[in-house]
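Me: I would like a close look at a single part of this structure, with the neighbouring elements brought in where they help.

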Amino acid sequence: MKIFEIIGRFYITFFVEAGKYINLSKNTLLKSFTVLKRRDLFFNQAFEVGVKSIILIISVAFFTGTVTAYQTGEQMVDLVPLTYLGVSVYKMMVMELGPVLTGVIMAGRYGASIAAEIGTMKVTEQIDALKSMAIEPIEFLAVPRFVAAIIMLPIAVIFANFIGVMGGFLISHIFFDLNFNEFFNEVQNYFDIMDVTIGLVKTAVFGGIISTVGIYVGFEARGGAEGVGKATVKAFVLSSVLILIADLVIALIML
Amino acid sequence: MEHSNKILFSIKNLSKSFGTKDVLKDVSFDIFEGEILCVIGRSGIGKSVLIKHLNGLLEPDKGEVTFEGRNILHLNNKDIYSLRKKVAMLFQSGALFDSMSVEENLALPLTEHTNLKLDDVKKEISEKLSLVGMEGIEKLHTSELSGGMKKRVALARAVMQAPEVLLYDEPTTGLDPVISDIINDLILDMNSKYNLTSIVITHDMRSVRKIADRVIMIHEGRIIFDGNIQEIEASADPVIQQFIS
Ligand SMILES: Nc1ncnc2c1ncn2[C@@H]1O[C@H](COP(=O)(O)OP(=O)(O)O)[C@@H](O)[C@H]1O
Ligand SMILES: [Mg+2]
């Protein structure tokens, strides 16, 4: 008996939380236009996502590009002409690795910091204070973060992709002796604007997930500093998982 | 202090629980325009929960709260926001925005709700800061303020929009007696200068004796006393006696 009760309670909690999360995301999305009223808040957040995190994002992209090129090259030797190495690194980077890795890193960097910031505001009554001053927390806190994430994350990924592919070229040049033309020729031939678009749209979706999860978890934080700590971890874990699920869903839709 | 007989808030049969915990059970009372009402009771008894029903931060499970004759629960978003401009609140910890300076904290209600020019906003801010005896600290960051300073800045922020009602959640808790007295004087000052109605939650009897027109005591989710300070001093109820002595 007990086991059913536990499972039942788990599912109820799950659906209640999921419902609240979806509701919050919907409200945030519907109120996005209010960002125009508070541009300075948006620019602060855009700076946070786009500028303060860019070194981290492109460093990860660089190492991802190099490792991808090396591993793929090793697999291809003797099977596929190495002139195809460039295009495979490029496609993997643009469609998959750039968006997903940037997403997961930013879930830790930006999503967790949103949860910590808003969670602290929650447990110290600052959210109540906003409401008591007739300021809508969704508009004031959620919208600028959400809009900044969906705009700035794709921009950051463009840089990440570029650095990643260049890293791939560097390794290919060193280990497989490819020159610039050999590496980039097939990239040019197989270039498809759709790949880039899908990669960037995906990134925007990940940005939406990272920000809304951080905001939701922050708003739900309880119980002082310890509660805020838990919220931070929860935001990272939850948004990373959701990013991977969304990635799969988008891939299936695109088939 | 005199107050009119006009009822501003009416709380009827208010009940509120969190999970299985019944915090308020069938609480009813009125709040009159112009009075300073102190709500006392032990820590954790539900005083903050009660006061947060007065500006719609919490909604009753049962019963109703009316402000100027209208049920708060039935107000739409726009009306609840206009209520909150009239009913300001000073939070227990001050609840200043810790990512902002003193000036930015005080400017926020004005930049959000008015079209005042920057110069006028600054003038308002320095006026309100001197009102609470904190002139010249505009540029300080909130983390540089002591507990008493935070409360006073938060009070200045609460009156930025010229409210009609001020809700104080434990304004003197955690402050030394000297600062407490300053805050008590401010509460009295604000009330007479702006014709406010003040609801003060506290467990500081010194403060109650100094400022209260009327006292309500909550115990185990119910109101066990409603009267003036002389009456509560004379009460024979052991729970009350233990609390006030
Ligand atoms: N949002 C909430 N969720 C769950 N429990 C709450 C919430 N707010 C208050 N409580 C509980 O209600 C009770 C009364 O709290 P409160 O009104 O803050 O007491 P106090 O009289 O000290 O102000 C406490 O037991 C508190 O844990
Ligand atoms: Mg309290």
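At what angle do helix 5 of chain B and helix 6 of chain B pack, and how far apart are their axes?

Reply: In this predicted model, helix 5 (residues 147-158) of chain B packs against helix 6 (residues 177-193) of chain B at an angle of about 10 degrees, and their axes are 10 Å apart. Because angles under 35 degrees count as roughly parallel, the two helices of chain B are roughly parallel to each other. Helix 5 of chain B contributes Gly148(B), Lys151(B), Arg152(B) and Leu155(B) to the contact, while helix 6 of chain B contributes Ile179(B), Ile182(B), Ile183(B), Leu186(B) and Met190(B); by character, these residues divide into 6 nonpolar, 1 polar and 2 charged.

Helix 5 of chain B also lies across strand 6 and strand 7 of chain B, running at about 170 degrees to strand 6 of chain B. These strands belong to an open sheet of 6 strands in chain B, with the order 6-7-8-3-9-10 and mixed pairing. Strand 6 (87-90) and strand 10 of chain B stand at its edges, each with a single partner strand, so one side of each has no neighbour in the sheet. On average, and with direction ignored, neighbouring strands of this sheet are turned by 15 degrees against each other.

Within the sheet, strand 7 (residues 165-169) and strand 8 (residues 197-202) of chain B run parallel and are joined by 5 bridges, with Val200(B) in strand 8 of chain B as the bridge partner of Tyr168(B). Helix 2 (residues 77-86) of chain B packs on the sheet as well, touching strand 6 and strand 7 of chain B, and its direction makes about 60 degrees with that of strand 6 of chain B.

Key. Residues are numbered from 1 along each chain as its sequence is written. Chains are lettered from A and ligands numbered from 1 in the order in which they are written. This is a predicted model: local features need pLDDT of at least 70, side-chain atom pairs count only at pLDDT 80 or more; totals for chains, interfaces and linings use all residues. Side-chain values use heavy atoms; hydrogens and water are left out. Axes are lines fitted to C-alpha atoms, for helices over the stretch in contact, and angles run from 0 to 180 degrees between N-to-C directions. Helices (H or I, at least four residues) and strands (E, at least two) are DSSP runs, numbered from the N terminus. Angles under 35 degrees count as roughly parallel, over 145 as roughly antiparallel, 65 to 115 as roughly perpendicular and the rest as oblique. Contact means heavy atoms within 4.5 Å. Ala, Val, Leu, Ile, Met, Phe, Trp, Tyr, Cys and Pro count as nonpolar, Asp, Glu, Lys and Arg as charged, and the others, Gly among them, as polar. Two strands pair if DSSP finds at least two bridges between them.
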